[in-house]
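Visitor: I'd like a close look at one part of this protein, with the surroundings filled in as you go. Could you walk me through it?

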Amino acid sequence: AGMTGSLLEIRGLEVVFDGFRAINGVDLTVGEGELRFLIGPNGAGKTTLIDVVTGLTRPAAGTVTFAGTELTGRKEHRIVRLGIGRTFQTSVVFEELTVVENLDLAAGFRRPLAALLRRRRGISETVATALDTIGLTGLADRPAGVLSHGQRQWLEIGMLIAQRPRLLLLDEPVAGMSKDERERTGELLTEIAKDHTVIVVEHDMEFLRRYASRVTVLHEGAVLVEGDVATVQSDPRVQEVYLGR
Ligand code: ADP
């Protein structure tokens, strides 16, 4: 069967804020299982694009289709249930709860109430898998408040995985991280992309060179260039608007 079919299809997207066109005719297709990087200068429309896909912002025109389902006009929680998870630039971790409790809470977010009520003690397989993927098994019972910045970012990614999405949207996951933490995060993204589709907003070019395959460059609300890292990097239009800042 068509294993590499498209999971997310955006067509003719336009977003207008008080007369300002933040997204101006974006077409974007992301295939199932892709690890796609989204770059572009400040104000290019990257966050707005994620906001539209996750139902936070309504487009003025265009369509967003996920696994054949039209998303436009659907509420955020319905979109989560269809299998789309995202991180925010602000933390959603509960500091007083342990790492496992945070993951458990996130996993329960998609669980029907009845299942929550008959929940047994101990950690579910979903939570155990998320814990292992983010490499925080050794800190499972520690309060999230003691985690380093990097560990907290990984926990947030783990909380997304625990919701078992098909598509993850990550907004600058390596921001503020040390070199080692970036490397660990790159490996984590590669690992996650084995059984999820992942879209990552990221600016760090060195990081892209190491971990990105396909890159989409946004500029002034439109797709400027799309291609593999080398192609995108050597494109004079990209150098002008992005690299040559
Ligand atoms: P990026 O994430 O690429 O930095 P954004 O998507 O945050 O860009 O913003 C795109 C443009 O839309 C920017 O010019 C920004 O100022 C504007 N914008 C974003 N959100 C709003 C809003 N809620 N109201 C008005 N303008 C907005």
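Visitor: Which residues are buried in α1?

Guide: Keep in mind that this is a predicted model. In α1, the buried residues are Lys-46, Thr-48, Leu-49, Ile-50, Asp-51, Val-52 and Val-53. That makes seven of the eight residues, so the helix is largely enclosed by the rest of the structure. Just after α1 comes Gly-55, with a positive phi near 85°.

Let's start with the ligand. The residues around the ligand are Phe-17, Asp-18, Phe-20, Ala-22, Gly-40, Asn-42, Gly-43, Ala-44, Gly-45, Lys-46, Thr-47 and Thr-48. Sorted by class, this shell holds four nonpolar, six polar and two charged residues. Two elements, β2 (20-31) and α1 (46-53), each supply at least two residues of it. The biggest contributor is α1, which gives three residues to the shell.

Now for the sheet. Six strands make up an open sheet with mixed pairing, in the order β6-β7-β8-β3-β9-β10. At the edges stand β6 (84-86) and β10 (222-228), each with a single partner strand, so one side of each has no neighbour in the sheet. From one strand to the next, the twist averages 20°. And here's where the helix comes back in: α1 packs on this sheet, touching β3 (35-39), β6, β7, β8 (197-201) and β9 (214-219). The direction of α1 makes about 150° with that of β7.

Of the strands under the helix, β3 is a good one to zoom in on. Five of its five residues are buried, so to speak of β3 as mostly covered is fair. Leu-35, Phe-37 and Ile-39 point one way from β3, while Arg-36 and Leu-38 point the other way, and all are buried. On one side, β3 pairs with β8 in the parallel sense over four bridges, and Leu-38 stands opposite Val-201 in β8. Four bridges also join β3 to β9, again running parallel, and there Leu-38 stands opposite Thr-216.

Over at the edge, β6 is joined by three bridges to β7 (residues 167-171), and these two run parallel. Arg-86 stands opposite Leu-169 in β7. Another residue of β7 worth a click is Leu-170. With 24 other C-beta atoms within 10 Å, Leu-170 counts as buried. Leaving out residues up to four places away in sequence, Leu-170 touches Thr-87, Ile-157, Val-198, Val-200 and Val-201. If you want a distance to check in your viewer, the C-alpha atoms of Leu-170 and Asp-104 are separated by 20 Å, with the two residues 66 apart along the chain.

Next, the nonpolar core. In soluble globular proteins, nonpolar side chains tend to be buried together. Here the largest nonpolar core has 67 residues, and those with the most contacts inside it are Val-53, Leu-103, Ile-134, Ala-162, Val-198, Val-200 and Val-217. Helix α6 (residues 149-161) provides the largest share of this core, six residues. Val-53 ties the story back to α1, where it is one of the buried residues. Ala-162, for its part, touches Leu-103, Ala-106, Ala-107, Thr-126, Val-127 and Ala-130, again not counting residues up to four places away in sequence.

Before you go, have a look at a couple of backbone oddities away from the helix. Arg-164 has phi near 50°, a positive value in a residue other than glycine. Arg-164 sits in the loop between α6 and β7, and with 14 other C-beta atoms within 10 Å it is partly exposed. Ala-67 is not a glycine either, yet it has a positive phi of about 45°. You'll find Ala-67 in the loop between β4 (61-66) and β5 (69-70). Ala-67 has 17 C-beta neighbours inside 10 Å, so it counts as partly exposed.

Definitions and conventions. Residues are numbered from 1 along each chain as its sequence is written. This is a predicted model: local features need pLDDT of at least 70, side-chain atom pairs count only at pLDDT 80 or more; totals for chains, interfaces and linings use all residues. A residue is near a molecule or strand if its C-beta atom, placed from the backbone, lies within 6 Å of it. Ala, Val, Leu, Ile, Met, Phe, Trp, Tyr, Cys and Pro count as nonpolar, Asp, Glu, Lys and Arg as charged, and the others, Gly among them, as polar. Two strands pair if DSSP finds at least two bridges between them. Axes are lines fitted to C-alpha atoms, for helices over the stretch in contact, and angles run from 0 to 180 degrees between N-to-C directions. Two residues are in contact if their C-beta atoms, placed from the backbone, lie within 7 Å. A nonpolar core is a set of buried Ala, Val, Leu, Ile, Met, Phe, Trp, Tyr and Cys residues joined through C-beta atoms within 7 Å. A residue is buried if 20 or more other C-beta atoms lie within 10 Å of its own, exposed if 12 or fewer, and partly exposed in between; C-beta atoms are placed from the backbone.
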